[in-house]
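Let's take a walk through this structure together, from the scale of whole chains down to single residue pairs. Have your viewer open as you read.

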Amino acid sequence: MQVEHLLVGTGKGLVIFKKTAKGWQYEKSDFIGLPVSYVYSDERNGTWWICIAHRHWGLKIHRSTDKGQSWQAVRTPKYPAYAKLRSGKPATLRKIWSFAHGGSDRPNRLYIGTEPGGLFYSEDGGNTFELMETLWNHPSRQDQWFGAGRDHPFIHSIVVDPRDSDHFYIAISCAGVFETTDGGQTWAPRNKGLVAAYLPNPDVEVGHDPHLLLACRSNPDVIWQQNHCGIFRSTNGGKYWDNVTGQNGFPDYGFAIEIEHDNPDIAWVIPALSDERRVAVDLSLCVCRTEDGGKSWQTLRSGLPQESCFDIVFRHSFAKNGNTLAFGSTTGNLFLSENYGDHWTSLHGHLARVECVCFA
Amino acid sequence: MAQVRFTSALQRFYPDLKTLDLDATNIAELLEQIEAVYPGLTDYLVDESGTLRKHVNIYIGEDLIDDRTDLSDALKPQDEVLIFQALSGG
(Lines give C-alpha, C1' and ligand atoms only; values in the text may rest on other atoms or scores of the structure.)
Protein backbone atom coordinates (compact mmCIF):
# COMPACT_ATOMS: atom_id res chain seq x y z
CA MET A 1 0.00 0.00 0.00
CA GLN A 2 1.43 3.33 -1.02
CA VAL A 3 1.66 5.71 1.92
CA GLU A 4 0.97 9.32 1.04
CA HIS A 5 -0.84 10.73 4.08
CA LEU A 6 0.00 11.54 7.66
CA LEU A 7 -3.03 11.48 9.95
CA VAL A 8 -2.73 13.53 13.13
CA GLY A 9 -5.33 13.13 15.84
CA THR A 10 -5.50 16.19 18.07
CA GLY A 11 -7.58 17.44 20.95
CA LYS A 12 -9.48 19.60 18.46
CA GLY A 13 -9.82 17.45 15.38
CA LEU A 14 -8.18 15.30 12.73
CA VAL A 15 -5.46 17.06 10.75
CA ILE A 16 -4.33 15.47 7.48
CA PHE A 17 -1.02 16.06 5.73
CA LYS A 18 -0.17 14.78 2.28
CA LYS A 19 3.12 14.00 0.61
CA THR A 20 3.44 16.03 -2.58
CA ALA A 21 6.18 16.83 -5.06
CA LYS A 22 6.97 19.81 -2.78
CA GLY A 23 7.17 17.65 0.33
CA TRP A 24 4.69 17.04 3.12
CA GLN A 25 1.93 19.64 3.12
CA TYR A 26 -1.24 20.35 5.07
CA GLU A 27 -4.23 18.97 3.21
CA LYS A 28 -7.30 19.50 5.42
CA SER A 29 -8.91 19.08 8.83
CA ASP A 30 -11.96 17.02 9.75
CA PHE A 31 -14.04 16.67 12.92
CA ILE A 32 -12.97 20.18 13.95
CA GLY A 33 -13.41 20.84 17.65
CA LEU A 34 -13.70 17.17 18.58
CA PRO A 35 -10.98 15.21 20.40
CA VAL A 36 -9.57 12.57 18.04
CA SER A 37 -7.97 10.10 20.40
CA TYR A 38 -6.80 7.40 18.00
CA VAL A 39 -6.06 7.01 14.28
CA TYR A 40 -5.39 3.77 12.45
CA SER A 41 -4.85 2.75 8.84
CA ASP A 42 -5.53 -0.87 7.95
CA GLU A 43 -2.67 -1.82 5.65
CA ARG A 44 -4.71 -4.69 4.19
CA ASN A 45 -7.37 -2.55 2.55
CA GLY A 46 -6.43 1.10 3.11
CA THR A 47 -9.39 1.80 5.40
CA TRP A 48 -8.83 4.67 7.83
CA TRP A 49 -10.29 4.45 11.33
CA ILE A 50 -10.56 7.22 13.89
CA CYS A 51 -11.90 7.34 17.43
CA ILE A 52 -13.52 10.42 18.89
CA ALA A 53 -13.58 10.83 22.65
CA HIS A 54 -16.54 13.17 23.01
CA ARG A 55 -16.65 14.89 26.35
CA HIS A 56 -20.43 14.82 26.32
CA TRP A 57 -21.65 12.13 23.98
CA GLY A 58 -19.35 9.18 24.62
CA LEU A 59 -16.83 7.44 22.39
CA LYS A 60 -17.44 7.20 18.66
CA ILE A 61 -15.74 5.41 15.78
CA HIS A 62 -15.68 6.55 12.17
CA ARG A 63 -14.07 4.95 9.15
CA SER A 64 -13.22 6.07 5.65
CA THR A 65 -12.66 3.90 2.62
CA ASP A 66 -11.84 6.84 0.32
CA LYS A 67 -8.86 8.40 2.09
CA GLY A 68 -10.89 10.79 4.19
CA GLN A 69 -13.18 12.15 1.48
CA SER A 70 -16.15 10.74 3.40
CA TRP A 71 -16.62 9.14 6.82
CA GLN A 72 -19.05 6.53 8.06
CA ALA A 73 -20.07 6.20 11.71
CA VAL A 74 -19.59 2.69 13.13
CA ARG A 75 -21.31 1.33 16.22
CA THR A 76 -18.94 1.54 19.19
CA PRO A 77 -18.14 -1.70 21.07
CA LYS A 78 -20.29 -2.27 24.11
CA TYR A 79 -19.38 -4.13 27.27
CA PRO A 80 -21.94 -6.90 27.89
CA ALA A 81 -24.11 -6.74 31.00
CA TYR A 82 -22.18 -9.53 32.73
CA ALA A 83 -18.89 -7.60 32.57
CA LYS A 84 -18.25 -6.09 35.97
CA LEU A 85 -15.47 -3.95 37.38
CA ARG A 86 -13.61 -4.85 40.53
CA SER A 87 -16.04 -2.59 42.39
CA GLY A 88 -18.96 -4.71 41.17
CA LYS A 89 -20.26 -1.89 39.00
CA PRO A 90 -21.00 -2.55 35.33
CA ALA A 91 -18.02 -2.19 33.01
CA THR A 92 -18.58 0.58 30.49
CA LEU A 93 -16.35 1.77 27.66
CA ARG A 94 -14.07 4.53 28.96
CA LYS A 95 -11.60 4.91 26.11
CA ILE A 96 -10.44 3.20 22.93
CA TRP A 97 -6.68 2.79 23.12
CA SER A 98 -5.68 0.59 20.19
CA PHE A 99 -6.70 -0.92 16.87
CA ALA A 100 -5.10 -3.82 15.00
CA HIS A 101 -6.04 -5.96 12.06
CA GLY A 102 -6.30 -9.70 12.62
CA GLY A 103 -3.79 -10.81 9.99
CA SER A 104 -3.61 -10.92 6.22
CA ASP A 105 -5.34 -14.31 6.16
CA ARG A 106 -8.28 -12.99 8.26
CA PRO A 107 -9.47 -10.13 6.05
CA ASN A 108 -12.52 -9.29 8.17
CA ARG A 109 -10.96 -9.61 11.62
CA LEU A 110 -10.14 -6.51 13.67
CA TYR A 111 -9.19 -5.96 17.30
CA ILE A 112 -9.83 -2.98 19.55
CA GLY A 113 -8.10 -2.53 22.90
CA THR A 114 -10.03 -0.53 25.45
CA GLU A 115 -10.24 0.85 28.95
CA PRO A 116 -11.33 -0.63 31.41
CA GLY A 117 -9.34 -3.60 30.11
CA GLY A 118 -11.50 -5.30 27.50
CA LEU A 119 -10.21 -6.60 24.17
CA PHE A 120 -12.89 -6.58 21.47
CA TYR A 121 -12.83 -8.44 18.16
CA SER A 122 -14.79 -8.15 14.96
CA GLU A 123 -15.30 -10.82 12.32
CA ASP A 124 -17.20 -8.60 9.92
CA GLY A 125 -14.72 -5.87 9.10
CA GLY A 126 -15.62 -3.70 12.07
CA ASN A 127 -19.40 -3.47 11.70
CA THR A 128 -19.86 -5.22 15.05
CA PHE A 129 -17.51 -6.06 17.93
CA GLU A 130 -17.63 -8.66 20.70
CA LEU A 131 -15.76 -8.72 23.99
CA MET A 132 -13.07 -11.43 24.11
CA GLU A 133 -14.34 -13.21 27.19
CA THR A 134 -11.26 -15.36 27.70
CA LEU A 135 -9.10 -12.35 28.43
CA TRP A 136 -11.79 -10.55 30.42
CA ASN A 137 -12.13 -13.68 32.57
CA HIS A 138 -8.39 -14.12 33.04
CA PRO A 139 -7.84 -14.86 36.74
CA SER A 140 -5.33 -12.02 37.10
CA ARG A 141 -7.67 -9.25 35.94
CA GLN A 142 -9.71 -8.54 39.05
CA ASP A 143 -6.85 -8.38 41.53
CA GLN A 144 -3.66 -7.69 39.57
CA TRP A 145 -4.66 -5.26 36.83
CA PHE A 146 -4.98 -1.57 37.71
CA GLY A 147 -5.02 1.83 36.11
CA ALA A 148 -1.98 3.98 35.37
CA GLY A 149 -2.78 7.66 35.15
CA ARG A 150 -6.34 6.52 34.52
CA ASP A 151 -8.97 4.98 36.76
CA HIS A 152 -8.87 1.58 35.07
CA PRO A 153 -6.42 -0.66 33.18
CA PHE A 154 -6.27 -0.24 29.41
CA ILE A 155 -5.02 -2.25 26.42
CA HIS A 156 -2.89 0.09 24.34
CA SER A 157 -0.93 -2.39 22.19
CA ILE A 158 -2.04 -5.33 20.05
CA VAL A 159 0.69 -7.09 18.08
CA VAL A 160 -0.28 -9.90 15.70
CA ASP A 161 2.46 -12.26 14.52
CA PRO A 162 2.66 -11.99 10.71
CA ARG A 163 3.67 -15.69 10.59
CA ASP A 164 0.61 -16.91 12.50
CA SER A 165 -2.56 -14.90 13.02
CA ASP A 166 -3.53 -17.04 16.03
CA HIS A 167 -0.40 -15.81 17.79
CA PHE A 168 -0.56 -12.32 19.20
CA TYR A 169 0.42 -10.15 22.13
CA ILE A 170 -1.36 -7.42 23.99
CA ALA A 171 0.11 -4.91 26.43
CA ILE A 172 -1.87 -3.47 29.33
CA SER A 173 -1.20 -0.52 31.61
CA CYS A 174 -1.03 -1.76 34.25
CA ALA A 175 -0.76 -5.53 34.04
CA GLY A 176 1.93 -6.12 31.44
CA VAL A 177 2.32 -8.20 28.31
CA PHE A 178 0.08 -11.19 27.61
CA GLU A 179 0.52 -13.73 24.80
CA THR A 180 -1.94 -16.06 23.12
CA THR A 181 -0.92 -18.80 20.69
CA ASP A 182 -4.41 -20.15 20.03
CA GLY A 183 -6.32 -17.16 18.69
CA GLY A 184 -7.25 -15.85 22.13
CA GLN A 185 -8.56 -19.03 23.74
CA THR A 186 -5.83 -18.93 26.39
CA TRP A 187 -3.52 -16.21 27.63
CA ALA A 188 -0.21 -16.21 29.48
CA PRO A 189 1.67 -13.27 31.03
CA ARG A 190 5.08 -12.57 29.45
CA ASN A 191 6.78 -10.20 31.86
CA LYS A 192 9.91 -11.95 33.06
CA GLY A 193 12.82 -9.52 33.26
CA LEU A 194 10.62 -6.43 33.49
CA VAL A 195 10.79 -4.18 36.53
CA ALA A 196 7.80 -2.66 38.34
CA ALA A 197 9.69 -0.20 40.52
CA TYR A 198 6.46 1.33 41.84
CA LEU A 199 5.33 -1.94 43.51
CA PRO A 200 6.49 -3.54 46.75
CA ASN A 201 7.65 -6.50 44.65
CA PRO A 202 9.20 -5.17 41.41
CA ASP A 203 9.42 -8.69 39.96
CA VAL A 204 5.69 -9.50 40.02
CA GLU A 205 4.34 -11.69 37.25
CA VAL A 206 1.47 -9.28 36.55
CA GLY A 207 1.38 -5.58 37.40
CA HIS A 208 3.84 -4.06 34.92
CA ASP A 209 3.41 -0.89 32.94
CA PRO A 210 4.48 -1.22 29.32
CA HIS A 211 3.76 2.08 27.59
CA LEU A 212 3.94 0.67 24.07
CA LEU A 213 4.78 -2.72 22.55
CA LEU A 214 6.07 -3.35 19.00
CA ALA A 215 7.41 -6.47 17.25
CA CYS A 216 9.79 -6.53 14.30
CA ARG A 217 7.88 -7.75 11.24
CA SER A 218 10.88 -9.42 9.64
CA ASN A 219 11.80 -11.15 12.91
CA PRO A 220 8.69 -11.20 15.12
CA ASP A 221 10.47 -12.91 18.01
CA VAL A 222 12.17 -9.57 18.64
CA ILE A 223 9.80 -7.39 20.62
CA TRP A 224 10.46 -3.93 22.00
CA GLN A 225 8.70 -1.93 24.67
CA GLN A 226 9.01 1.52 26.14
CA ASN A 227 8.03 0.82 29.72
CA HIS A 228 7.31 3.08 32.66
CA CYS A 229 10.50 1.71 34.19
CA GLY A 230 12.83 1.83 31.20
CA ILE A 231 13.27 0.38 27.73
CA PHE A 232 13.10 -3.40 27.26
CA ARG A 233 13.73 -5.80 24.41
CA SER A 234 13.02 -9.50 24.05
CA THR A 235 14.68 -11.69 21.42
CA ASN A 236 12.68 -14.80 22.24
CA GLY A 237 9.08 -13.78 21.78
CA GLY A 238 8.64 -12.35 25.25
CA LYS A 239 9.93 -15.31 27.25
CA TYR A 240 12.47 -12.99 28.81
CA TRP A 241 13.01 -9.24 28.60
CA ASP A 242 16.41 -7.55 28.59
CA ASN A 243 16.66 -4.09 30.07
CA VAL A 244 18.16 -1.90 27.33
CA THR A 245 17.69 1.42 29.10
CA GLY A 246 20.53 3.76 28.24
CA GLN A 247 23.70 3.76 30.28
CA ASN A 248 23.62 6.35 33.07
CA GLY A 249 19.84 6.30 32.79
CA PHE A 250 19.43 8.06 29.44
CA PRO A 251 17.25 7.32 27.60
CA ASP A 252 14.96 5.83 30.22
CA TYR A 253 11.47 7.19 30.78
CA GLY A 254 9.09 7.97 27.92
CA PHE A 255 5.96 6.82 26.18
CA ALA A 256 6.67 6.39 22.47
CA ILE A 257 8.88 3.91 20.62
CA GLU A 258 9.36 3.08 16.94
CA ILE A 259 11.34 0.25 15.37
CA GLU A 260 12.91 -0.71 12.06
CA HIS A 261 10.94 -3.64 10.72
CA ASP A 262 13.74 -4.72 8.38
CA ASN A 263 16.35 -4.81 11.15
CA PRO A 264 15.55 -6.07 14.66
CA ASP A 265 18.45 -4.10 16.17
CA ILE A 266 17.19 -0.61 15.31
CA ALA A 267 14.74 1.41 17.40
CA TRP A 268 13.92 5.00 18.35
CA VAL A 269 12.53 6.43 21.59
CA ILE A 270 11.62 9.96 22.66
CA PRO A 271 12.78 10.56 26.24
CA ALA A 272 10.75 12.43 28.85
CA LEU A 273 11.74 13.63 32.29
CA SER A 274 10.45 11.21 34.94
CA ASP A 275 6.91 10.29 35.70
CA GLU A 276 6.68 13.14 38.21
CA ARG A 277 7.42 16.08 35.92
CA ARG A 278 6.66 14.93 32.41
CA VAL A 279 8.48 17.52 30.36
CA ALA A 280 11.25 17.21 27.78
CA VAL A 281 14.51 16.19 29.44
CA ASP A 282 16.49 19.37 30.27
CA LEU A 283 13.65 21.21 28.49
CA SER A 284 15.24 20.27 25.17
CA LEU A 285 13.69 17.86 22.72
CA CYS A 286 15.54 14.87 21.32
CA VAL A 287 15.04 11.44 19.83
CA CYS A 288 17.32 8.53 20.75
CA ARG A 289 18.23 5.79 18.29
CA THR A 290 19.92 2.46 18.78
CA GLU A 291 21.38 0.40 15.95
CA ASP A 292 22.75 -2.41 18.09
CA GLY A 293 19.70 -3.78 19.86
CA GLY A 294 19.84 -1.27 22.70
CA LYS A 295 23.48 -1.76 23.72
CA SER A 296 24.08 1.92 22.93
CA TRP A 297 21.92 4.91 22.06
CA GLN A 298 22.63 7.95 19.89
CA THR A 299 20.96 11.25 20.73
CA LEU A 300 19.46 13.04 17.73
CA ARG A 301 18.75 16.75 18.19
CA SER A 302 19.20 18.34 14.77
CA GLY A 303 16.18 20.49 13.93
CA LEU A 304 14.49 20.02 17.30
CA PRO A 305 13.99 22.84 19.86
CA GLN A 306 16.72 22.83 22.48
CA GLU A 307 15.55 25.31 25.10
CA SER A 308 12.41 26.05 27.14
CA CYS A 309 10.75 23.08 25.51
CA PHE A 310 7.91 21.36 27.40
CA ASP A 311 6.89 18.88 24.71
CA ILE A 312 5.88 15.37 25.68
CA VAL A 313 5.14 12.75 23.04
CA PHE A 314 2.33 10.34 23.85
CA ARG A 315 2.62 6.62 23.09
CA HIS A 316 0.63 6.70 19.85
CA SER A 317 2.08 10.01 18.63
CA PHE A 318 5.21 8.58 16.98
CA ALA A 319 5.06 6.84 13.61
CA LYS A 320 7.45 5.48 11.02
CA ASN A 321 7.19 4.62 7.35
CA GLY A 322 10.35 3.64 5.51
CA ASN A 323 13.00 6.27 6.22
CA THR A 324 10.37 8.76 7.39
CA LEU A 325 9.53 9.32 11.04
CA ALA A 326 7.00 11.75 12.48
CA PHE A 327 5.91 12.71 15.95
CA GLY A 328 3.47 15.14 17.49
CA SER A 329 3.64 16.59 20.97
CA THR A 330 1.43 17.75 23.78
CA THR A 331 2.17 21.36 22.92
CA GLY A 332 0.89 21.03 19.36
CA ASN A 333 4.19 20.60 17.57
CA LEU A 334 4.59 18.18 14.68
CA PHE A 335 8.05 17.13 13.54
CA LEU A 336 9.14 15.01 10.60
CA SER A 337 12.40 13.38 9.55
CA GLU A 338 13.07 11.79 6.17
CA ASN A 339 16.46 10.37 7.07
CA TYR A 340 15.78 8.01 9.98
CA GLY A 341 15.86 10.80 12.55
CA ASP A 342 19.21 12.35 11.67
CA HIS A 343 17.52 15.68 11.00
CA TRP A 344 14.03 16.94 11.83
CA THR A 345 11.85 19.67 10.38
CA SER A 346 8.80 21.30 11.89
CA LEU A 347 5.70 20.40 9.91
CA HIS A 348 3.38 22.39 12.15
CA GLY A 349 3.80 24.41 15.34
CA HIS A 350 0.36 25.34 16.55
CA LEU A 351 -1.88 22.33 16.52
CA ALA A 352 -3.96 21.36 19.52
CA ARG A 353 -2.44 18.69 21.76
CA VAL A 354 -1.40 15.78 19.57
CA GLU A 355 -2.96 12.51 20.76
CA CYS A 356 -1.87 10.20 17.94
CA VAL A 357 -0.24 10.08 14.50
CA CYS A 358 -0.34 7.49 11.74
CA PHE A 359 1.00 7.15 8.22
CA ALA A 360 -1.73 6.08 5.82
CA MET B 1 -48.02 13.12 24.55
CA ALA B 2 -44.82 14.44 26.03
CA GLN B 3 -42.88 16.82 23.87
CA VAL B 4 -39.10 16.30 23.71
CA ARG B 5 -36.64 18.91 22.48
CA PHE B 6 -32.93 18.39 21.81
CA THR B 7 -29.88 20.56 22.18
CA SER B 8 -28.78 21.96 18.84
CA ALA B 9 -25.33 20.42 19.53
CA LEU B 10 -26.75 17.04 18.52
CA GLN B 11 -27.68 18.34 15.07
CA ARG B 12 -24.00 18.03 14.12
CA PHE B 13 -24.51 14.25 14.23
CA TYR B 14 -28.23 14.13 13.38
CA PRO B 15 -28.84 17.02 10.99
CA ASP B 16 -32.57 16.30 10.64
CA LEU B 17 -33.15 16.20 14.40
CA LYS B 18 -36.53 17.72 15.29
CA THR B 19 -38.77 18.14 18.32
CA LEU B 20 -40.79 14.98 18.90
CA ASP B 21 -44.16 14.24 20.49
CA LEU B 22 -43.94 10.84 22.13
CA ASP B 23 -46.31 8.70 24.17
CA ALA B 24 -44.02 7.54 27.00
CA THR B 25 -44.71 7.05 30.71
CA ASN B 26 -41.11 7.52 31.86
CA ILE B 27 -37.71 8.64 30.58
CA ALA B 28 -36.49 5.11 29.80
CA GLU B 29 -39.49 4.54 27.53
CA LEU B 30 -38.94 7.95 25.99
CA LEU B 31 -35.38 7.03 25.01
CA GLU B 32 -36.55 3.76 23.46
CA GLN B 33 -38.95 5.72 21.30
CA ILE B 34 -36.30 8.28 20.38
CA GLU B 35 -34.02 5.42 19.28
CA ALA B 36 -36.77 4.12 16.98
CA VAL B 37 -36.93 7.51 15.27
CA TYR B 38 -33.19 8.27 15.26
CA PRO B 39 -31.25 4.98 15.37
CA GLY B 40 -28.03 5.28 17.36
CA LEU B 41 -28.96 8.54 19.07
CA THR B 42 -29.38 6.99 22.50
CA ASP B 43 -25.69 5.94 22.36
CA TYR B 44 -24.97 9.66 22.62
CA LEU B 45 -27.11 9.97 25.75
CA VAL B 46 -26.53 6.79 27.78
CA ASP B 47 -23.71 4.27 28.16
CA GLU B 48 -24.05 0.53 27.58
CA SER B 49 -25.42 -0.01 31.09
CA GLY B 50 -28.22 2.43 30.34
CA THR B 51 -26.90 5.11 32.69
CA LEU B 52 -27.18 8.70 31.53
CA ARG B 53 -23.76 9.95 30.44
CA LYS B 54 -22.03 12.17 32.96
CA HIS B 55 -22.24 15.32 30.88
CA VAL B 56 -25.76 14.87 29.55
CA ASN B 57 -28.75 16.40 31.33
CA ILE B 58 -32.45 15.65 30.88
CA TYR B 59 -35.01 18.11 32.20
CA ILE B 60 -38.71 17.50 32.73
CA GLY B 61 -40.14 20.98 32.70
CA GLU B 62 -37.53 22.97 34.65
CA ASP B 63 -36.37 20.07 36.82
CA LEU B 64 -33.43 17.74 36.21
CA ILE B 65 -34.42 14.09 36.34
CA ASP B 66 -33.60 12.34 39.61
CA ASP B 67 -32.82 8.82 38.41
CA ARG B 68 -29.81 8.94 36.07
CA THR B 69 -29.26 5.16 36.33
CA ASP B 70 -32.60 3.55 35.52
CA LEU B 71 -34.26 6.64 34.03
CA SER B 72 -37.45 5.88 35.93
CA ASP B 73 -38.67 9.48 36.29
CA ALA B 74 -42.37 9.47 35.35
CA LEU B 75 -43.79 11.50 32.49
CA LYS B 76 -47.21 13.01 32.17
CA PRO B 77 -48.80 13.62 28.75
CA GLN B 78 -48.32 17.38 28.88
CA ASP B 79 -44.70 17.31 30.04
CA GLU B 80 -41.98 19.09 28.11
CA VAL B 81 -38.64 17.27 28.08
CA LEU B 82 -35.33 18.93 27.19
CA ILE B 83 -32.21 16.89 26.42
CA PHE B 84 -29.13 19.04 26.78
CA GLN B 85 -25.40 18.78 27.31
CA ALA B 86 -23.85 19.89 30.58
CA LEU B 87 -21.81 23.07 30.22
CA SER B 88 -18.06 22.60 30.30
CA GLY B 89 -14.91 24.44 29.44
CA GLY B 90 -12.16 23.71 26.92
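Two strands count as paired if DSSP finds at least two bridges between them. With that in hand, look at the hairpin of β9(A) and β10(A), where three residues lie between the strands and A:Gly117 takes a positive phi near 110 degrees. We will come back to this hairpin below. Keep in mind that the model is predicted; its scores are ipTM 0.83 and pTM 0.94. For chain B the mean pLDDT is 94, and 97% of its residues reach 70 or more.

**The two chains**

Here are the overall values for each chain, one chain to a row.

| Chain | Helices and strands | Radius of gyration | Box of C-alpha atoms | Buried residues |
|---|---|---|---|---|
| Chain A (360 residues) | three helices, 28 strands | 19 Å | roughly 50 × 50 × 40 Å | 50% |
| Chain B (90 residues) | two helices, five strands | 12 Å | roughly 35 × 25 × 25 Å | 24% |

How do the radii of gyration fit the globule rule? For chain A, the value of 19 Å is close to the 21 Å that the rule gives for 360 residues, so chain A is as compact as a globular protein of that length. For chain B, a compact globule of 90 residues would have a radius near 12 Å, and the 12 Å of the chain agrees with that.

Sequence separation offers another view. In chain A, 47% of the contacts with a separation of 6 or more are between residues 24 or more positions apart. In chain B, among contacts between residues at least 6 apart in sequence, 49% join residues at least 24 apart. Read from the N terminus, the elements of chain B follow the order β-β-α-α-β-β-β.

**Cores**

Which residues have the most contacts inside the largest nonpolar core? They are A:Ala256 and A:Val357, in a core of 107 residues. A second, separate core has 20 residues, including B:Val4, B:Leu10, B:Leu45 and B:Val81. Back in chain A, and leaving out residues up to four places away in sequence, A:Val357 touches three runs of neighbours: A:Leu6, A:Leu7 and A:Val8; then A:Ser317, A:Phe318 and A:Ala319; and finally A:Ala326, A:Phe327 and A:Gly328.

**The sheet around β9 and β10 of chain A**

Now back to the hairpin. Its strands belong to an open sheet of four, in the order β8-β9-β10-β11 of chain A, with antiparallel pairing. β8 and β11 stand at the edges with a single partner strand each, so one side of each is left without a neighbour in the sheet.

Within this sheet, four bridges join β9(A) to β10 (residues 119-122). A:Leu110 stands opposite A:Ser122 in β10(A), and A:Tyr111 has A:Tyr121 as its bridge partner in that strand. On the other side of the pairing ladder, β10(A) is joined by two bridges to β11 (residues 130-131), again running antiparallel. There A:Tyr121 has A:Glu130 in β11(A) as its bridge partner. A:Tyr121 thus appears in both pairings, with A:Tyr111 in one and A:Glu130 in the other.

Next, consider A:Arg109, found in the loop between β8 (95-101) and β9 (110-115) of chain A. Is this arginine, A:Arg109, buried or exposed? It has 20 other C-beta atoms within 10 Å, and because the cut-off for buried is 20 or more, A:Arg109 counts as buried. Setting aside neighbours within four places in sequence, the contacts of A:Arg109 are A:His101, A:Gly102, A:Gly103, A:Tyr121, A:Ser122 and A:Glu123. The C-alpha atoms of A:Arg109 and A:Asp124 are separated by 6.5 Å, while the two residues are 15 apart along the chain.

**Another four-stranded sheet**

Chain A also has an open antiparallel sheet in the order β16-β17-β18-β19. Its edges are β16 (210-215) and β19 (242-243), each with a single partner strand, so one side of each has no neighbour in the sheet. β18 (residues 230-234) and β19(A) pair over two bridges in the antiparallel sense, and A:Phe232 has A:Asn243 in β19(A) as its bridge partner.

**Where the chains meet**

How many residues does each chain bring to the contact? Eleven come from chain B and ten from chain A. On the side of chain B that touches chain A, three residues are nonpolar, four are polar and four are charged.

Notes: Residues are numbered from 1 along each chain as its sequence is written. Chains are lettered from A and ligands numbered from 1 in the order in which they are written. This is a predicted model: local features need pLDDT of at least 70, side-chain atom pairs count only at pLDDT 80 or more; totals for chains, interfaces and linings use all residues. Two residues are in contact if their C-beta atoms, placed from the backbone, lie within 7 Å. Ala, Val, Leu, Ile, Met, Phe, Trp, Tyr, Cys and Pro count as nonpolar, Asp, Glu, Lys and Arg as charged, and the others, Gly among them, as polar. A nonpolar core is a set of buried Ala, Val, Leu, Ile, Met, Phe, Trp, Tyr and Cys residues joined through C-beta atoms within 7 Å. The radius of gyration is taken over C-alpha atoms; the globule rule is 2.2 Å times the number of residues to the power 0.38. pLDDT is the predictor's confidence in each residue, from 0 to 100.
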